[in-house]
Amino acid sequence: MITSNILALSWRKAVQFLLLFAFAGLASAQASKEDDRPVVEETKQVAKQAIDPKLPSFFIVSDSTARSDAPMRGWADEIAPYFDLSKINVINRAIGGRSSRTYIQEGRWDKVLGEMKTGDFVLVQFGHNDVGPLDVKGKFRGSIRSAGEETENITKPDGSVEVVHSYGWYLKKYIQDARAKGISVILATPVPHKEWANDFAEHRKLASAVAKETQVPLIDVTAITGKTYDVLGKEKVETLFSDQRTHTNIAGAKINAESVVAGIKGLSKNGLNNYLSLKAGVISPQAE
């Protein structure tokens with residue numbers, strides 16, 4: 001009798017252990033689907049000023065895929081050598097954890113607008129943080145998946161209410177505000193994840209629709225880098241990332257930077273081409 005009770009107890013413990021192990025494995029698998037995308041504190045990043053304020057400037061407005069700290073590396077941290085810095089300033093104003101919505105909502109866009117002058121250029125690239133829910137589940141940074149005028153009221157933890165707009169609406173605001181100051185705007189689709197096939201299909205369509213509506217040039221960075229990844233193959237692409245699937249290392253950042261340059265070279269009637277360096281000369285244009 002005692003022996004049978006011991007065996008029954010041992011069996012229950014074994015089952016409990018197996019269940020806990022299974023649940024832990026499931027949780028781990030779910031967690032690995034997405035990389036942590038912390039909201040970077042601005043005080044931890046040094047905002048570089050224009051080297052020569054008399055020159056035109058090329059501003060990059062984006063998220064952590066364009067600007068990151070080691071071991072991660074953003075593409076915009078690698079793009080300056082492709083420009084003749086005696087003719088133009090390259091200023092990276094990307095910051096981690098932001099979406100098309102929060103970059104505006106936090107007042108960052110107004111701040112960058114204040115830095116820019118007539119004749120400058122700005123590249124706007126968002127998407128990685130726009131894809132999540134609009135509320136706390138998405139860290140209050142998701143945008144409505146549309147290019148229309150839809151809105152949704154979201155209540156914040158402090159009780160305030162934010163009117164959330166569509167991804168397309170936010171892109172149009174960047175364009176309208178920049179144009180009002182005589183600044184040339186380029187839209188760019190997000191850099192792809194490690195699993196690049198058909199990545200950001202919905203947001204690429206929305207960005208393309210906005211570009212056509214506003215007659216603004218668009219660089220499909222997702223597609224351009226994706227073509228490079230197709231050639232490199234899965235094993236090589238694995239070596240280009242510093243986390244599970246989102247943020248590149250230096251080698252990966254350089255590939256994305258070259259994709260942006262290829263896109264710039266492929267744009268028609270785009271004055272930014274006039275400021276490329278000899279280093280950019282070896283990169284083949286990718287048509288819009």
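This report describes strands, loop residues, aromatic pairs and one helix crossing in a predicted model.

Residues are numbered from 1 along each chain as its sequence is written, and side-chain values use heavy atoms, with hydrogens and water left out. Because the model is predicted, local features need pLDDT of at least 70 and side-chain atom pairs count only at pLDDT 80 or more, while totals for chains, interfaces and linings use all residues.

**Strands E1, E2 and E3**

Helices (H or I, at least four residues) and strands (E, at least two) are DSSP runs, numbered from the N terminus. Strand E1 covers residues 57–61, and 5 of its 5 residues are buried, so E1 is largely enclosed by the rest of the structure. Here buried means under 20% relative accessible area, exposed over 50%, and partly exposed in between (1.4 Å probe, protein chains only). Ser57, Phe59 and Val61 point one way from E1, Phe58 and Ile60 point the other way, and all are buried.

Two strands pair if DSSP finds at least two bridges between them. E1 pairs in the parallel sense with strand E2 (residues 89–92) over 4 bridges, and in the parallel sense with strand E3 (residues 121–125) over 4 bridges. Isoleucine 60 of E1 takes part in both pairings: its bridge partner in E2 is asparagine 92, and in E3 it stands opposite leucine 123.

**Loop residues**

Proline 71 lies in the loop between E1 and E2, and the peptide bond that leads to it from alanine 70 is cis, with omega near 10°. Lysine 139 is in the loop between E3 and strand E4 (152–155), and phenylalanine 140 is in the loop between E3 and E4. Neither residue is a glycine, yet each has a positive phi. The table sets out their values.

| Residue | Phi | Relative accessible area |
|---|---|---|
| Lysine 139 | about 60° | 42%, partly exposed |
| Phenylalanine 140 | about 55° | 15%, buried |

**The hairpin of E4 and E5**

E4 and strand E5 (residues 161–164) run antiparallel and are joined by 4 bridges. Glutamate 152 has valine 164 of E5 as its bridge partner. The hairpin has 5 residues between the strands, and glycine 159 in it takes a positive phi near 95°. In E5, Glu162 and Val164 form a covered face, whereas Val161 and Val163 form an uncovered one.

**Aromatic pairs**

Rings of Phe, Tyr and Trp (its six-membered ring) pair if their centres lie within 6.5 Å; planes under 30 degrees apart count as stacked, over 60 as edge-to-face and the rest as tilted. The count by this rule is 8 aromatic pairs. One of them joins phenylalanine 121 and tyrosine 275 edge-to-face, at 5.9 Å centre to centre with 70° between the planes. This pair links distant parts of the chain, since phenylalanine 121 belongs to strand E3 and tyrosine 275 to the segment after helix H8 (250–266), 154 residues apart. Phenylalanine 121 counts as buried, at 7% relative accessibility. Ring pairs also link Tyr103, Trp109, Phe126 and Tyr174 into a cluster.

**Helices H6 and H8**

The axes of helix H6 (residues 221–232) and H8 come within 9 Å and cross at roughly 125°. Axes are lines fitted to C-alpha atoms, for helices over the stretch in contact, and angles run from 0 to 180 degrees between N-to-C directions. H6 is therefore oblique to H8; angles under 35 degrees count as roughly parallel, over 145 as roughly antiparallel, 65 to 115 as roughly perpendicular and the rest as oblique. The contact (heavy atoms within 4.5 Å) is made by residues including Val221, Ile224 and Tyr229 of H6 and Ile255, Ser259 and Gly263 of H8.
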